[in-house]
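These are my notebook entries on what I looked up in one structure. I kept them in the order in which I went from one place to the next.

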Amino acid sequence: MTDVEENVPLKDPGDAESGPCKPETSGPTREDMSSPKDHPFLLSVTGLIDTVNDVSKLSKEIGMNHDFHMEEKVLPPSSLEGRVKETMHNAFWDHLEEQLLAIPPDFSCALELLREIKEILLSLLLPRQNRLRSEIEEALDMNLLKQEAEHGALNVPHLSKYILNMMTLLCAPVRDEAVQKLENITDPVRLLRGIFQVLGLMKMDMVNYTIRSLQPQLQERSVQCERAKFQELLNKQSSLLDHTTKWLTRAVADLSTPPPSCPDTPNSSSVVCPSPSEAANSPEPLSPKMVLSQGFLNLLLWHPEDEEFPETLLMDRAQLQELEAQLRQLTILASVLLVASSFSGSVLFGSPQFVDKLKRITKALMEELKSRPEEEAMLTVSEQVSQEIHQSLQNMGLAALSSDNTASLIGELQNITKKENCVHSVIGQRIHLFLKCCLVLGVQRSLLDLPGGLTLIEAELAELGQKFVSLTHHNQQVFGPFYMEILKTLIPPAQAPETEVGSL
């Protein structure tokens with residue numbers, strides 16, 4: 001079973017009578033389609049988790065993630081479950097073939113298949129497509145088909161041809177090729193088997209089309225449900241916002257203190273802060289949006305042992321920890337690429353193929369940081385990167401690195417993960433600045449002028465920024481009223497412009 005394709009356009013939805021609309025499928029596949037895992041919570045707000053059921057969690061996931069989509073589970077052919085499923089399917093289709101070849105033919109299994117196909121086709125119709133519904137009901141009238149079968153007159157190839165024509169009308173454009181391939185199959189059993197496989201994909205397309213259509217309503221429901229549940233708990237426990245208040249107080253203090261200047265390094269001294277960054281950092285009177293943006297950024301640096309995590313973000317803590325881990329990985333990756341480029345020159349790093357290969361190697365080796373001592377893992381990274389640069393320089397007919405330069409490169413890469421490392425520090429600050437720009441200006445605009453050293457990880461930054469913005473946007477929609485009440489006491493009225501909750 002193939003994956004659901006990305007951005008499948010709809011055919012004209014107005015063809016209620018001349019042809020139904022083709023459902024749109026959704027975007028990139030998510031690795032885990034289950035509801036969010038349990039998160040660590042404070043004992044004082046354990047009730048918050050108990051009141052949010054799985055339906056609410058799924059509603060929130062669908063509402064927050066515009067790329068959310070369902071996908072049929074594909075079993076590895078080598079797995080026991082996969083082999084058992086394939087064996088049972090083959091046995092069924094072999095049995096169907098025996099029935100159809102018998103004299104006289106036995107149509108009992110074929111009738112059940114046609115009944116199920118009819119149900120699937122009807123499920124793919126929109127409510128207003130009454131003419132097509134009547135046509136399918138008439139063409140696949142099970143009582144009539146049963147009578148034909150009893151008299152040995154059931155025309156399976158003719159019915160299959162009708163089903164294929166209907167599938168052509170109902171399928172998403174991405175399935176057109178698969179349906180056309182079925183038209184070349186003359187064996188009735190193989191044809192029915194192929195029809196079922198493609199109908200399975202069409203069912204999943206319709207599910208994802210429905211999810212996308214309902215996303216605004218699901219998001220609104222999720223916001224209302226979470227806010228109501230939290231308010232209910234707050235009514236019972238007035239101290240439920242204590243940690244949230246401390247979190248916002250710290251954000252106000254951070255904004256009121258001038259930020260330290262970026263450390264100068266030979267690799268970054270020529271970098272000029274881009275206009276979106278300047279806009280994000282320009283001195284302005286404190287506003288609720290600025291404070292919340294700073295607060296959300298602080299969460300990416302949260303110490304895991306700090307139990308005073310904001311109550312309003314407990315449901316998102318696991319996702320924030322995942323984003324923090326992704327941020328750390330990107331900081332190391334960008335630092336490695338920046339150091340490597342300073343040794344190998346612009347010619348080598350002007351090759352997209354070389355950069356992509358070096359990124360793949362570095363990402364794969366960085367996975368070892370989770371299971372091996374950091375120093376040992378980074379030694380492997382530095383040696384492999386050095387070897388790749390040396391080999392690529394030779395392949396391009398360029399001068400290879402000297403032994404001194406090779407030793408210096410390996411030495412610098414080995415220390416890249418240490419927080420006191422200048423390159424690591426600069427790259428970390430610039431990624432945080434990018435994320436701040438994303439909160440203030442949006443992801444796409446922030447990508448227009450990336451700070452130096454980040455252009456090679458633009459795609460990865462876009463993914464990180466979109467996840468971060470989606471999470472924070474949903475959180476502000478849910479808890480905006482609570483934040484506004486707290487910020488009224490933290491931001492002097494003379495400093496804070498009037499801000500409606502909806503504009504957060």
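Before listing neighbours, I fixed what a contact is: two residues are in contact when they have heavy atoms within 4.5 Å of each other. I also noted that the model I am reading is a predicted one.

**Entry 1: a histidine and its neighbours**

I began with His-424, which I found in helix α17, the helix that spans residues 422-441. Leaving aside residues up to four places away in sequence, I listed Arg-328, Thr-331, Ser-335, Ile-416, Thr-417, Lys-418 and Lys-419 as the residues that His-424 touches. Is His-424 buried or exposed? Its relative accessible area is 10%, and because anything under 20% counts as buried, I entered His-424 as buried.

**Entry 2: the chain as a whole**

I then stepped back to the whole chain, whose secondary structure comes to 19 helices and 0 strands. Of the 504 residues in the chain, 45% are buried. I also looked up how far contacts reach along the sequence: among those between residues at least 6 apart, 74% join residues at least 24 apart.

**Entry 3: α12 against α17**

Returning to α17, I looked at how helix α12, residues 288-299, packs on it, and found an angle of about 140° with the axes 10 Å apart. Angles over 145 degrees would count as roughly antiparallel, so this angle makes α12 oblique to α17. The crossing in which α12 passes α17 is right-handed. On the α12 side I wrote down Lys-289, Ser-293, Gln-294, Phe-296 and Leu-297, which meet His-432, Leu-435, Lys-436, Leu-439 and Val-440 of α17. Sorted by class, the residues of this contact are 5 nonpolar, 3 polar and 2 charged.

**Entry 4: α13 against α16**

How are α13 and α16 oriented to each other? The axes of helix α13, residues 317-349, and helix α16, residues 403-414, come within 10 Å and cross at roughly 165°. Since angles over 145 degrees count as roughly antiparallel, I recorded α13 and α16 as roughly antiparallel. This crossing, too, I entered as right-handed. Val-336, Val-339, Ala-340 and Phe-343 of α13 make the contact together with Asn-405, Ser-408, Leu-409, Glu-412 and Leu-413 of α16. I counted these by class as 6 nonpolar, 2 polar and 1 charged.

**Entry 5: α10 against α19**

For helix α10, residues 242-256, and helix α19, residues 458-490, I found axes that come within 10 Å and cross at roughly 50°. The two helices are therefore oblique to each other, and their crossing is right-handed. The residues in contact are Thr-244, Thr-245, Trp-247, Leu-248, Thr-249 and Val-252 of α10, and Tyr-483, Ile-486, Leu-487 and Leu-490 of α19. By class this contact has 7 nonpolar and 3 polar residues, and no charged residues.

**Entry 6: aromatic rings**

Trp-247 and Tyr-483 led me to the aromatic residues, since I met both again in one aromatic cluster, with Phe-230, Phe-296, Phe-479 and Phe-482 as its other members. To describe a pair of aromatic rings, one gives the distance of the centres and the angle of the planes. With ring centres within 6.5 Å as the rule for a pair, the count comes to 10 aromatic pairs. One of them joins Trp-302 and Phe-309, with centres 5.3 Å apart and planes at 75°, so this pair is edge-to-face. Both residues are buried, Trp-302 with a relative accessible area of 9% and Phe-309 with 2%.

**Entry 7: two glutamines**

Gln-224 lies in helix α9, residues 188-236, and is partly exposed, with a relative accessible area of 47%. Although Gln-224 and Phe-479 are 255 residues apart along the chain, their C-alpha atoms are separated by 10.0 Å. Gln-444, in helix α18, residues 443-446, is exposed at 60% relative accessible area. From Gln-444 to Ala-462 there are 18 residues in sequence, and 7.9 Å in space from C-alpha to C-alpha.

**Entry 8: a cis peptide bond**

Most peptide bonds are trans. I therefore made a separate note of the bond that joins Ile-103 and Pro-104, which is cis, with omega about -5°. Where is Pro-104? I located Pro-104 in the loop between α3 (80-101) and α4 (108-123).

Methods:
Residues numbered from 1 in each chain as written. Predicted model: local features only at pLDDT ≥ 70, side-chain atom pairs only at ≥ 80, totals over all residues. Heavy atoms only, no water. Axes fitted to C-alpha atoms, helices over the stretch in contact; angles between N-to-C directions. Helix = DSSP H or I, 4+ residues; strand = E, 2+ residues; numbered from the N terminus. Parallel < 35°, antiparallel > 145°, perpendicular 65-115°, else oblique. Left-handed = near helix turned anticlockwise from the far one by under 90°. Nonpolar A, V, L, I, M, F, W, Y, C, P; charged D, E, K, R; others polar. Buried < 20%, exposed > 50% of the residue type's maximum accessible area, 1.4 Å probe, protein only. Phe/Tyr/Trp six-rings, centres within 6.5 Å; stacked < 30°, edge-to-face > 60°.
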